[in-house]
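Q: Please pick one part of this model and take a close look at it. Walk me through what it is made of, what it packs against and what lies around it.

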Amino acid sequence: MKKLYEATSTAVGGRKGHVKSEDGPIDLNLSVPKGMGGDGGDGTNPEQLFGSAYAACFGGALGLIASKHDVKLDGDIEVSATISIHKTDKGNLQLAAVLDCVLPGVDTEKGEELINEAHEVCPFSRATRDNIDVTLNLMVLE
(Lines give C-alpha, C1' and ligand atoms only; values in the text may rest on other atoms or scores of the structure.)
Protein backbone atom coordinates (compact mmCIF):
# COMPACT_ATOMS: atom_id res chain seq x y z
CA MET A 1 0.00 0.00 0.00
CA LYS A 2 1.37 3.41 -0.99
CA LYS A 3 1.06 6.17 1.63
CA LEU A 4 -0.38 9.36 0.15
CA TYR A 5 -0.57 11.52 3.26
CA GLU A 6 -0.42 11.38 7.02
CA ALA A 7 -1.43 13.74 9.78
CA THR A 8 -0.65 13.72 13.49
CA SER A 9 -2.81 15.21 16.22
CA THR A 10 -2.21 14.99 19.95
CA ALA A 11 -4.75 15.13 22.75
CA VAL A 12 -3.60 16.01 26.26
CA GLY A 13 -5.99 15.55 29.18
CA GLY A 14 -8.54 13.28 27.51
CA ARG A 15 -12.07 14.59 26.97
CA LYS A 16 -11.45 17.58 29.29
CA GLY A 17 -8.14 18.55 27.73
CA HIS A 18 -6.80 20.02 24.55
CA VAL A 19 -6.21 18.73 21.03
CA LYS A 20 -3.72 20.10 18.54
CA SER A 21 -2.60 19.04 15.10
CA GLU A 22 1.13 18.80 14.49
CA ASP A 23 1.03 21.55 11.85
CA GLY A 24 -1.24 23.86 13.86
CA PRO A 25 -4.63 24.40 12.14
CA ILE A 26 -6.39 22.40 14.86
CA ASP A 27 -5.72 23.86 18.30
CA LEU A 28 -8.84 23.36 20.41
CA ASN A 29 -9.97 22.97 23.99
CA LEU A 30 -12.12 19.94 24.74
CA SER A 31 -15.20 19.73 26.96
CA VAL A 32 -17.38 16.86 28.09
CA PRO A 33 -21.03 17.28 26.99
CA LYS A 34 -23.65 17.49 29.74
CA GLY A 35 -25.29 14.35 28.30
CA MET A 36 -22.13 12.47 29.21
CA GLY A 37 -21.89 13.88 32.72
CA GLY A 38 -19.67 16.85 31.88
CA ASP A 39 -20.06 20.55 32.35
CA GLY A 40 -20.89 21.16 28.68
CA GLY A 41 -18.17 23.80 28.48
CA ASP A 42 -17.29 25.81 25.40
CA GLY A 43 -14.76 23.30 24.04
CA THR A 44 -15.40 20.79 21.30
CA ASN A 45 -15.57 17.02 21.79
CA PRO A 46 -14.38 13.92 19.93
CA GLU A 47 -17.83 13.27 18.44
CA GLN A 48 -17.93 16.74 16.87
CA LEU A 49 -14.42 16.34 15.50
CA PHE A 50 -15.19 12.88 14.13
CA GLY A 51 -18.46 14.11 12.60
CA SER A 52 -16.72 17.05 10.93
CA ALA A 53 -14.03 14.79 9.50
CA TYR A 54 -16.50 12.11 8.37
CA ALA A 55 -18.78 14.70 6.70
CA ALA A 56 -15.87 16.25 4.82
CA CYS A 57 -14.43 12.89 3.75
CA PHE A 58 -17.82 11.54 2.66
CA GLY A 59 -18.51 14.75 0.71
CA GLY A 60 -15.20 14.28 -1.08
CA ALA A 61 -16.11 10.68 -1.91
CA LEU A 62 -19.50 11.83 -3.24
CA GLY A 63 -17.77 14.37 -5.49
CA LEU A 64 -15.37 11.71 -6.77
CA ILE A 65 -18.21 9.30 -7.55
CA ALA A 66 -20.37 12.00 -9.17
CA SER A 67 -17.42 12.95 -11.38
CA LYS A 68 -16.73 9.31 -12.24
CA HIS A 69 -20.33 8.97 -13.48
CA ASP A 70 -20.32 12.38 -15.25
CA VAL A 71 -23.11 13.64 -12.97
CA LYS A 72 -23.40 17.42 -13.06
CA LEU A 73 -24.55 19.06 -9.83
CA ASP A 74 -26.50 22.33 -9.55
CA GLY A 75 -24.44 23.41 -6.54
CA ASP A 76 -22.15 22.19 -3.79
CA ILE A 77 -22.46 18.78 -2.17
CA GLU A 78 -23.47 19.10 1.48
CA VAL A 79 -23.06 16.37 4.09
CA SER A 80 -24.17 16.71 7.71
CA ALA A 81 -22.88 14.00 10.04
CA THR A 82 -24.71 13.40 13.29
CA ILE A 83 -22.58 11.31 15.63
CA SER A 84 -24.19 9.80 18.69
CA ILE A 85 -22.68 7.80 21.49
CA HIS A 86 -24.60 4.98 23.14
CA LYS A 87 -24.07 2.52 25.95
CA THR A 88 -24.32 -1.15 25.00
CA ASP A 89 -26.01 -3.82 27.13
CA LYS A 90 -22.51 -4.78 28.33
CA GLY A 91 -21.79 -1.19 29.39
CA ASN A 92 -19.40 -0.37 26.55
CA LEU A 93 -19.62 2.92 24.68
CA GLN A 94 -20.60 2.66 21.00
CA LEU A 95 -20.79 5.27 18.24
CA ALA A 96 -23.44 5.61 15.54
CA ALA A 97 -23.49 7.96 12.56
CA VAL A 98 -26.21 9.47 10.40
CA LEU A 99 -25.03 11.11 7.17
CA ASP A 100 -27.57 13.50 5.61
CA CYS A 101 -26.47 14.22 2.03
CA VAL A 102 -27.62 16.98 -0.34
CA LEU A 103 -26.82 16.55 -4.03
CA PRO A 104 -28.32 19.60 -5.78
CA GLY A 105 -29.99 18.82 -9.09
CA VAL A 106 -29.69 15.03 -8.80
CA ASP A 107 -32.85 12.89 -8.89
CA THR A 108 -33.61 10.50 -6.05
CA GLU A 109 -32.67 7.28 -7.82
CA LYS A 110 -29.30 8.60 -9.03
CA GLY A 111 -28.63 10.29 -5.69
CA GLU A 112 -29.13 7.05 -3.77
CA GLU A 113 -26.82 5.22 -6.20
CA LEU A 114 -24.11 7.85 -5.72
CA ILE A 115 -24.42 7.81 -1.92
CA ASN A 116 -24.24 4.03 -1.75
CA GLU A 117 -21.19 3.93 -4.03
CA ALA A 118 -19.50 6.73 -2.07
CA HIS A 119 -20.05 4.69 1.10
CA GLU A 120 -18.03 1.88 -0.49
CA VAL A 121 -15.02 4.08 -1.28
CA CYS A 122 -14.97 6.72 1.49
CA PRO A 123 -12.00 5.96 3.80
CA PHE A 124 -14.04 6.84 6.90
CA SER A 125 -16.88 4.55 5.81
CA ARG A 126 -14.38 1.79 5.12
CA ALA A 127 -12.72 2.28 8.51
CA THR A 128 -16.01 2.13 10.39
CA ARG A 129 -17.70 -0.61 8.33
CA ASP A 130 -19.18 -3.31 10.58
CA ASN A 131 -17.95 -1.36 13.62
CA ILE A 132 -20.66 1.30 13.98
CA ASP A 133 -24.17 1.78 12.64
CA VAL A 134 -24.11 4.24 9.73
CA THR A 135 -27.36 5.54 8.26
CA LEU A 136 -27.20 7.19 4.85
CA ASN A 137 -29.90 9.72 3.92
CA LEU A 138 -30.47 11.58 0.68
CA MET A 139 -32.05 14.90 1.51
CA VAL A 140 -34.34 16.14 -1.24
CA LEU A 141 -34.64 19.92 -1.47
CA GLU A 142 -37.73 21.41 -3.02
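A: What follows is a close look at helix H1 (46-68).

The model is predicted, so local features need pLDDT of at least 70 and side-chain atom pairs 80 or more, while totals for chains, interfaces and linings use all residues. Numbering starts from 1 along each chain as its sequence is written, and side-chain values use heavy atoms, without hydrogens or water.

First, the setting. The chain holds three helices and six strands (DSSP runs numbered from the N terminus: helices H or I, at least four residues; strands E, at least two). Read from the N terminus, the elements go β-β-β-α-β-β-α-α-β. The C-alpha trace spans about 45 × 35 × 30 Å along its principal axes. Of the 142 residues in the chain, 29% are buried (under 20% relative accessible area; exposed is over 50%, partly exposed in between; 1.4 Å probe, protein chains only). Take the contacts (heavy atoms within 4.5 Å) between residues at least 6 apart in sequence: 48% of them join residues at least 24 apart.

Now the helix itself. H1 has 23 residues, and at 1.5 Å a residue they should span 33 Å (1.5 Å times one less than the number of residues). The C-alpha atoms at its ends are 33 Å apart, so the model agrees with that span.

Next, the buried residues of H1. They are Glu-47, Gly-51, Tyr-54, Ala-55, Cys-57, Phe-58, Gly-59, Ala-61, Leu-62, Ile-65 and Ala-66. The cover over them includes strands S4, S5 and S6, along with helices H2 and H3.

Those three strands form an open sheet in the order S4-S5-S6, with mixed pairing (two strands pair if DSSP finds at least two bridges between them). S4 and S6 are its edge strands, and each pairs on one side only. From one strand to the next, the twist averages 15 degrees (axes are lines fitted to C-alpha atoms, for helices over the stretch in contact; angles run from 0 to 180 degrees between N-to-C directions). S5 covers residues 93-102, runs parallel to S6 and is joined to S6 by six bridges. In one of these pairings, Asp-100 has Asn-137 of S6 as its bridge partner.

H1 lies across S4, S5 and S6, and its direction is at about 140 degrees to S4. Helix H2 (residues 108-121) also packs on the sheet. H2 touches S5 and S6, and makes about 150 degrees with the direction of S6.

Then the core. The largest nonpolar core has 22 residues (buried Ala, Val, Leu, Ile, Met, Phe, Trp, Tyr and Cys joined through side-chain atoms within 4.5 Å). Phe-58, Leu-62, Val-79, Cys-101, Leu-103, Leu-114 and Ile-115 touch the most other members. H1, S4, S5 and H2 each supply at least two residues of this core. H1 gives the most, with eight residues.

Val-79 shows how these parts meet. Beyond its neighbours within four places in sequence, Val-79 contacts Ala-55, Phe-58, Gly-59 and Leu-62. Each of those four is on the list of buried residues in H1. Val-79 is also in contact with Leu-99, Asp-100 and Cys-101.

What leads into H1? The loop between S3 and H1 holds Thr-44. Thr-44 has a relative accessible area of 14%, so it counts as buried. Outside its neighbours within four places in sequence, Thr-44 contacts Leu-28, Asn-29, Leu-30, Ser-31 and Leu-49. Asn-29 has a second role: in S3, it is the bridge partner of His-18.

S3 belongs to another open sheet, with the order S1-S2-S3 and antiparallel pairing. Strand S1 (9-12) and strand S3 (27-29) have a single partner strand each, so they stand at the edges with one side lacking a neighbour in the sheet. Ignoring direction, neighbouring strands here are turned by 15 degrees against each other on average. Strand S2 (residues 18-21) pairs with S3 over three antiparallel bridges.

And what follows H1? Asp-70 comes just after the helix, with a positive phi of about 55 degrees, although Asp-70 is not a glycine. Asp-70 sits in the loop that runs from H1 to strand S4 (78-87). Its relative accessibility is 61%, so Asp-70 counts as exposed.

Asp-130 offers a parallel case elsewhere in the chain, with a positive phi near 65 degrees in a residue other than glycine. Asp-130 lies in the loop between helix H3 (123-128) and strand S6 (133-138). At 77% relative accessibility, Asp-130 is therefore exposed.
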